[in-house]
Each structure stands twice: as structure tokens, then as C-alpha cells.
Amino acid sequence: MEQLPIIAAPGVGERADAAADAACHLYDAVAPWSGSGAGGWSRTAAEDAAETIETTAHALAHAHPRAEVILAPVHAALADLRRQLALPPADLPAAEEALALPRSVGNPRRTRWVRVVTPTLPRQPPVGTTS
């Protein structure tokens, strides 16, 4: 398992701490409403929260080479949640941004696509034939 450094890049630790605090405050705000239907959520608030999670997952995807693949189910779950709540899908970026830094999962602000190039295997003769 790859160990992360003790000290984060400038601003990363503070922003991650602020995001965690904000998530706790959000939970505290909706918890009293949990027994009633929508749990105190509005359409705009739910969309903002989904965007926050999507963006945070994209940021966290830089923590490890496989993190983006590991986090892919988070993006799939959020896309499903958006559909269930009748929220719009995550926004797509401008075409020039998509080509600049390819990614594989959606982000409302930075969706990009990955083009994976794999080495070709040598041709094998069909089974049952001799060369």
C-alpha cells in the first residue's frame, strides 16, 4: 500500500478540513428532518451537494494512481441519484477542455474522457492450423 506524505500541498489540507467541516454541518442541518419525506432537502441544495461530492471525488482521484478507478462507483451512484431525484446530469465541459486533460469519469465542472492505448498482442494462427 502506498503511503501518502505527512504534509499536503499548499492549501490542500486546509480546504479538505473545511470540506469535512462543511459536510458535518450539512449533516447536522438535515438530520432533524430525516423522518419527513425529503429530509429537508430542496432541489437546488441536493444538486449542490451532489456537485460537491463529484468535485471532491475528482480531487481525491489524484491521491493514488488507481484512485479514479476506485472512485468510479461514486460517480455512477451520484448519476443514479441525480436521475432518481429528477436532477439534471452533471455538466459536460467545453470541447477544448476535454482534450487538454483526459479523465474517465464525469465531473460537473471538469468532465473528460480517457483514451487508453494498450499494446497489441502478436498475431496467433487459428487453432488447428500449422504455419
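Which helix gives the most to the lining of the largest pocket? In this predicted model, the answer is α1, with 5 residues in that lining. The rest of the picture can be built up from the pockets to the helices around them, and then to a few single residues.

The largest pocket takes up about 580 Å³. It is lined by 14 residues, and those closest to its centre are Val 12, Ala 16, Thr 56, Ala 59 and Leu 60. Helix α1 doesn't do the job alone: α1 and α2 each put at least two residues into this lining. Sorted by class, the lining comes out as 10 nonpolar residues, 3 polar ones and 1 charged one.

Next comes the second largest pocket, with a volume of about 240 Å³. Its lining, too, draws two or more residues from each of α1 and α2. The residues around this pocket are Ala 19, Ala 20, Ala 22, Ala 23, Leu 26, Asp 48, Ala 49, Thr 52, Ile 53 and Thr 56. Split by class, they give 7 nonpolar, 2 polar and 1 charged. Thr 56 is worth a second look, as this residue is one of those closest to the centre of the largest pocket and also lines the second largest.

Helix α2 itself runs from residue 43 to residue 60, which makes 18 residues. From its first C-alpha to its last, α2 reaches 26 Å, close to the 26 Å expected at 1.5 Å a residue. Which residues of α2 are buried? They are Ala 46, Ala 49, Ala 50, Glu 51, Glu 54, Ala 57 and His 58, so the list mixes several alanines with two glutamates and a histidine. The cover over these buried residues includes α1, residues 12-30, and α3, residues 67-84. Ala 49 has a double role here, being buried in α2 while also helping to line the second largest pocket.

After α2 the chain enters the loop that leads to α3, and Ala 61 sits in that loop. Is Ala 61 buried or exposed? Ala 61 has a relative accessible area of 10%, so it counts as buried. Its C-alpha atom lies 9.4 Å from that of Ala 72, a residue 11 positions away along the chain.

Then comes α3. Its 18 residues should span 26 Å at 1.5 Å a residue, and its end C-alpha atoms are indeed 26 Å apart, so the two values agree. Even so, α3 has a kink of about 30 degrees, centred on Pro 73. The buried residues in this helix are Ala 67, Glu 68, Leu 71, His 75, Leu 78 and Arg 82, and they pack against α2.

Leu 81 also belongs to α3. With a relative accessible area of 41%, Leu 81 falls between the 20% and 50% cut-offs and is therefore partly exposed. Leu 81 and Ala 46 are 35 residues apart in sequence, yet their C-alpha atoms are 9.7 Å apart in space. Ala 46, for its part, is one of the buried residues of α2.

Just after α3, Ala 86 takes a positive phi of about 60 degrees, and Ala 86 is a residue other than glycine. Where does Ala 86 lie? It is in the loop between α3 and α4, the helix made of residues 95-100.

Key. Residues numbered from 1 in each chain as written. Predicted model: local features only at pLDDT ≥ 70, side-chain atom pairs only at ≥ 80, totals over all residues. Heavy atoms only, no water. Helix = DSSP H or I, 4+ residues; strand = E, 2+ residues; numbered from the N terminus. Expected span 1.5 Å × (residues − 1). Buried < 20%, exposed > 50% of the residue type's maximum accessible area, 1.4 Å probe, protein only. Contact = heavy atoms within 4.5 Å. 1 Å grid on protein atoms, 1.4 Å probe; cavity = no way out; pocket = protein on both sides within 12 Å on 5 of 7 lines; lining within 4 Å. Points joined across faces, edges and corners; volume = space filled by probe spheres on them. Nonpolar A, V, L, I, M, F, W, Y, C, P; charged D, E, K, R; others polar. Bend = angle between axes of the 7 residues up to and from the residue.
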